[in-house]
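Reader: I would like to learn how to read a single-chain model step by step, from the overall fold down to individual residues. Could you take me through one?

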Amino acid sequence: MLFESINTGCLDGNDTPWMPFAPYSNDVMVKYFKIDPVRGETITLLKAPAGMEMPRHHHTGTVIVYTVQGSWRYKEHDWVAHAGSVVYETASTRHTPQSAYAEGPDIITFNIVAGELLYLDDKDNIIAVENWKTSMDRYLNYCKAHGIRPKDLSTFEG
């Protein structure tokens, strides 16, 4: 069968760089593991300093966030995600991510994002779109600017 010929892959976190999550923030860093143009999915680590708030956004697809370190929340909810927490976000949700505390360790999350993140202003106008294509462009541009040979992040092969 065809699926039996697909190799299981292991991606080494040291093989891809941390890079600024620009233009949204130079203090928030992202590390890409997989950028899938077919499924419109990204798999990343995100690192943000305590006290940080990111722009409000709307998800067109589902998102799974595992908290590796630190504590964070959505301004619109009363729960706090601590290390070891898993947050599952359904499609069509919108929220404002922020650190749960003004001080403490950096927040590190492992994220599986399907679809687009539509960044919104105060009146719910779309001011930016983040998806697999913008992620791939960010990764390739960062690699080029820093003399890094890019890996093929569209596959799980090492």
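Author: What follows goes from the whole chain to its backbone details and then to two buried side chains. Please keep in mind throughout that this is a predicted model.

Reader: Which secondary structure elements does the chain have, and in what order do they run from the N terminus on?

Author: A useful first step is to count the elements and then to read their order. Here the chain holds one helix and twelve strands, and the order from the N terminus on is β-β-β-β-β-β-β-β-β-β-β-β-α, with the helix after the strands. The radius of gyration is 16 Å, close to the 15 Å that the globule rule gives for 158 residues, so the chain is as compact as a globular protein of that length. Along its principal axes, the C-alpha trace spans about 45 × 35 × 30 Å.

Reader: What share of the residues is buried, and what share of the contacts joins residues at least 24 apart?

Author: Burial and contact range are two separate readings of a fold, and both can be given as a percentage. Of the 158 residues, 39% count as buried, while 63% of the contacts between residues at least 6 apart in sequence join residues at least 24 apart. The surface can be read in a similar way: the chain exposes about 9,000 Å², with carbon and sulfur atoms supplying 54% of that area. As for charge, the chain has 14 positive and 20 negative charges, whose mean positions lie 4 Å apart.

Reader: Where does the record place a domain?

Author: An annotation is best read beside the coordinates, with its origin kept in view. UniProt, in an unreviewed entry, places the feature "domain: ChrR-like cupin" at residues 13–103. In the model, that stretch is 0% helix and 49% strand, and its end C-alpha atoms are 26 Å apart. One end of the stretch, E103, lies in the loop between β9 (97–99) and β10 (107–114). E103 counts as exposed because its relative accessibility is 72%, and the cut-off for that class is over 50%. The C-alpha atom of E103 is separated by 6.2 Å from that of G51, although the two residues are 52 apart along the chain.

Reader: Which backbone features would you check next, and why do they deserve a look?

Author: Most residues other than glycine have a negative phi, and most peptide bonds are trans, so departures from either pattern are what one looks for. A cis peptide bond joins A22 and P23, with omega about 10°. A22 is in the loop between β1 (19–21) and β2 (25–36), and P23 is placed in the loop between β1 and β2 as well. With 31% relative accessibility, A22 counts as partly exposed, and its C-alpha atom is separated by 8.2 Å from that of R138, a residue 116 positions away along the chain.

Reader: What is the phi of S92, and what is the phi of D124?

Author: For a residue that is not a glycine, one reads the sign of phi first and then the setting of the residue. S92 has a positive phi of about 75° and is placed in the loop between β7 (86–89) and β8 (94–95), where its relative accessibility of 54% makes it count as exposed. D124 has a positive phi of about 65° and lies in the loop between β11 (117–120) and β12 (126–130); at 39% relative accessibility, D124 counts as partly exposed.

Reader: Is H59 buried or exposed, and which residues is it in contact with?

Author: Burial is judged from relative accessible area, with under 20% as the cut-off. H59, in strand β4 (residues 57–59), has a relative accessibility of 2% and therefore counts as buried. Beyond its neighbours within four places in sequence, H59 is in contact with E89, A91, S92, T93, H95, E116 and L117, and S92 in this list is the residue with the positive phi of about 75°.

Reader: Which residues does E130 touch?

Author: A contact list is read together with the position and burial of its residue. E130 lies in strand β12 and is buried, with a relative accessible area of 6%. Not counting residues up to four places away in sequence, E130 touches F21, Y24, Y32, G115, E116, L117, Y119, S135 and R138. Of these, Y119 is eleven residues from E130 in sequence and 7.8 Å from it in space, C-alpha to C-alpha. E116 and L117 are in contact with H59 and are also touched by E130.

Definitions and conventions. Residues are numbered from 1 along each chain as its sequence is written. This is a predicted model: local features need pLDDT of at least 70, side-chain atom pairs count only at pLDDT 80 or more; totals for chains, interfaces and linings use all residues. Side-chain values use heavy atoms; hydrogens and water are left out. Helices (H or I, at least four residues) and strands (E, at least two) are DSSP runs, numbered from the N terminus. The radius of gyration is taken over C-alpha atoms; the globule rule is 2.2 Å times the number of residues to the power 0.38. Buried means under 20% relative accessible area, exposed over 50%, partly exposed in between (1.4 Å probe, protein chains only). Contact means heavy atoms within 4.5 Å. Accessible areas come from the Shrake-Rupley method with a 1.4 Å probe; for residues, only the protein chains shown count as cover. Lys and Arg count as positive and Asp and Glu as negative; His and the chain ends are not counted. The place of a charge is taken as NZ of Lys, CZ of Arg, CG of Asp or CD of Glu. UniProt positions are given in the numbering used here, feature names are shortened, and annotations may be inferred rather than shown by experiment.
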